[in-house]
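Please walk through the structure shown below, beginning with one charged side chain and moving outward from there.

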Amino acid sequence: MDTGSPSGAGSPSGALGMSGTGTDTPRRAGGAGARADGVTATRTSGAGTDAASGTCSGAGTAPLAGVSSGPAAGTPATGARGRLVAYARLAKFEFVLDYYLSMVVLWTALAGSVRFAPDTLTTLLLFLLGEVGVISAVMALDDVNGIRDGSDRANYLGTGGTPLRPLERKPLLTGALTVNQATRFGYLSLLWGAVFWTAAALAAPERPLWALVVTGLVLFAGFQYSWGLKLSYRGLGEVLIMGCPLVIVVAPYGFVTGHLPAIVLVQAVLFGLWQILVSCYSNTKDISGDAAVGRSTVAVHASARGNLLFIGALSAADLLLTVGASAVGWAPWWFFAALLPEMALRLRQFTSFSRNGDALLARRRGVVAFRTGVAGLVLANLIHFAS
C-alpha cells in the first residue's frame, strides 16, 4: 500500500504499480547518499524545484511549513461523466488493478471441480466487489489526508504553483472534487466494502473463524493507513502493505473451501512480499517527504545501509520461500521453476539498486517482477490443480 507515488509522501496507491512522470531527489538513496539536516525536503522534477520544510508532527497532521493545505483553485467536475472520472481518479482505479490479481491467483488455486461451482463464483464476486470498496476508501481518505497535511501540494506543485507531476491524478488538487466530497466518497466506499464482504461471508459455503477474523482486521485497519489511527504514522505501514494483499488471497479461499493448504499460504505470502518489494523502494525515494509529515517507515528511521539490508532481507525471503516451498514439500518440487523469471527479475532489481541507488527504477522493476510472479503462480496452479 505505501510507496509514496503518486500521492507524494507515503501514498498507498504507488504500491500498485503507479509511477510518476517526474523524479524526486531524496535525501538518502539506497546504498549511497547523504542525509539532509532535519526534515527539509527538496524535490526536483523537470519543471522546477519545490522545497518544503517542517518538523515531524507525530501523528502526521501538521501541514508543511509554508505550504497551504487547501486544494488548488480549479474547475469542479460537472456532468455525470465528469464526476465519474473524478471519483475514479480519486480511487486510483486505473492503478489498483494489481490488487485484484489476488482473485485470479486464488481462483486458479481451487480444485477444478470447485472453480465453477455456483456458490464459489457468487462468493468470489461478492468478495471482489467488497474489495473494490475497501481499496477505494483507502485511496480516497489518503488523498484527503494528503491535502490536509500539505504533502500532496508539496509533492505535486513546485514554486509558483508549477506542476511537478500530472495533476489530473489528484482531483482535490485540481479542484475537480472538494475535501467534503472526497471524504464522503471514502466513507461510502468503506460502507460498500463492509456490506459486500458481509454478503460474501453469508453466501459462502464455508465460514471458518480465521477467515472471518482476518477479513474483519483488513476492513478495520486498511482505511486507517493514513486516516483515523494513521497506522503508517505509527510504524505499521509496512505490515499493512504486506498483510492486506496476503489476506485478500487467503480469506476468500477460506470462504470457499474452509481450509488453507500450505501451497496457498505460500502464494499469499509471496503476493504480499511482492507488494512490499515495490513499496520499500518508493519509501526510500520519499524519505524526506515522509519524515516531514511524520510518517514512520523503515527508510525514514534506518541508516542508508540499514535500509539496504532491510530491502535485501525482503528480497532474500522472496527467493528462499520460493525455493524452500519446493524443497520441504509445501509445493510441488517443480514450483520454483514456474517462478524462475520472477526470481531473476528480483535479483536484478536489488543488485542494480544497490549499485546505483535509483529507487524509482527499482520500483518500476518491482512492478514488472510482481506481475511476472503472478503469471508464474497462475501457471503453476493451472498445472497443479488441473484435476
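In this predicted model, Arg-295 has a relative accessible area of 3%, so this residue counts as buried. Its salt-bridge partner is Asp-290, and the closest N and O atoms of the two are 3.8 Å apart. The cut-off for such a pair is 4 Å. Asp-290 is also buried, because its relative accessibility is 0%.

Arg-346 and Asp-318 form another salt bridge, at 2.9 Å from N to O. This pair links distant parts of the chain: Arg-346 belongs to helix α15 (residues 340-356) and Asp-318 to helix α13 (residues 304-328), with their positions 28 residues apart in sequence. Both Arg-346 and Asp-318 are buried.

A network of salt bridges with shared partners joins Lys-92, Asp-143 and Lys-170. Within this network, the closest N and O atoms of Asp-143 and Lys-92 are 2.6 Å apart. Asp-143 lies in helix α4, whereas Lys-92 lies in the loop between α1 (79-90) and α2 (97-108), so their salt bridge ties together parts that are 51 residues apart in sequence. Asp-143 is buried at 1% relative accessible area, and Lys-92 is buried at 1% as well. The count of salt bridges in the model is eight.

Helix α4 itself covers residues 118-148. With 31 residues at 1.5 Å a residue, α4 should span 45 Å, and the distance of 46 Å between its end C-alpha atoms agrees with this. Of those 31 residues, 22 are buried, so α4 is largely enclosed by the rest of the structure. Just after α4, Gly-150 takes a positive phi of about 85 degrees.

Turning to the chain as a whole, there are 16 helices and two strands. Buried residues make up 57% of the 387 residues. Of the contacts with a separation of 6 or more, 76% are between residues 24 or more positions apart. The chain exposes about 14600 Å², and 68% of this area comes from carbon and sulfur atoms.

The cysteines can be read alongside this. Cys-244 is buried, with a relative accessible area of 8%, and Cys-280 is buried at 3%. The count of disulfides is zero.

Confidence varies along the chain. The average pLDDT is 82, and 78% of the residues score at least 70. Over residues 1-10 the pLDDT is below 50, although the model has 81 contacts for this stretch beyond near neighbours in sequence. Residues 13-72 also stay under 50, with 187 contacts beyond four places in sequence. Where pLDDT is low, the predicted coordinates should not be read in detail.

Notes: Residues are numbered from 1 along each chain as its sequence is written. This is a predicted model: local features need pLDDT of at least 70, side-chain atom pairs count only at pLDDT 80 or more; totals for chains, interfaces and linings use all residues. Side-chain values use heavy atoms; hydrogens and water are left out. A disulfide is a pair of cysteine sulfur atoms within 2.5 Å. Buried means under 20% relative accessible area, exposed over 50%, partly exposed in between (1.4 Å probe, protein chains only). pLDDT is the predictor's confidence in each residue, from 0 to 100. Contact means heavy atoms within 4.5 Å. Helices (H or I, at least four residues) and strands (E, at least two) are DSSP runs, numbered from the N terminus. Accessible areas come from the Shrake-Rupley method with a 1.4 Å probe; for residues, only the protein chains shown count as cover. The expected span of a helix is 1.5 Å times one less than its number of residues. A salt bridge is a side-chain nitrogen of Lys or Arg within 4 Å of a carboxyl oxygen of Asp or Glu.
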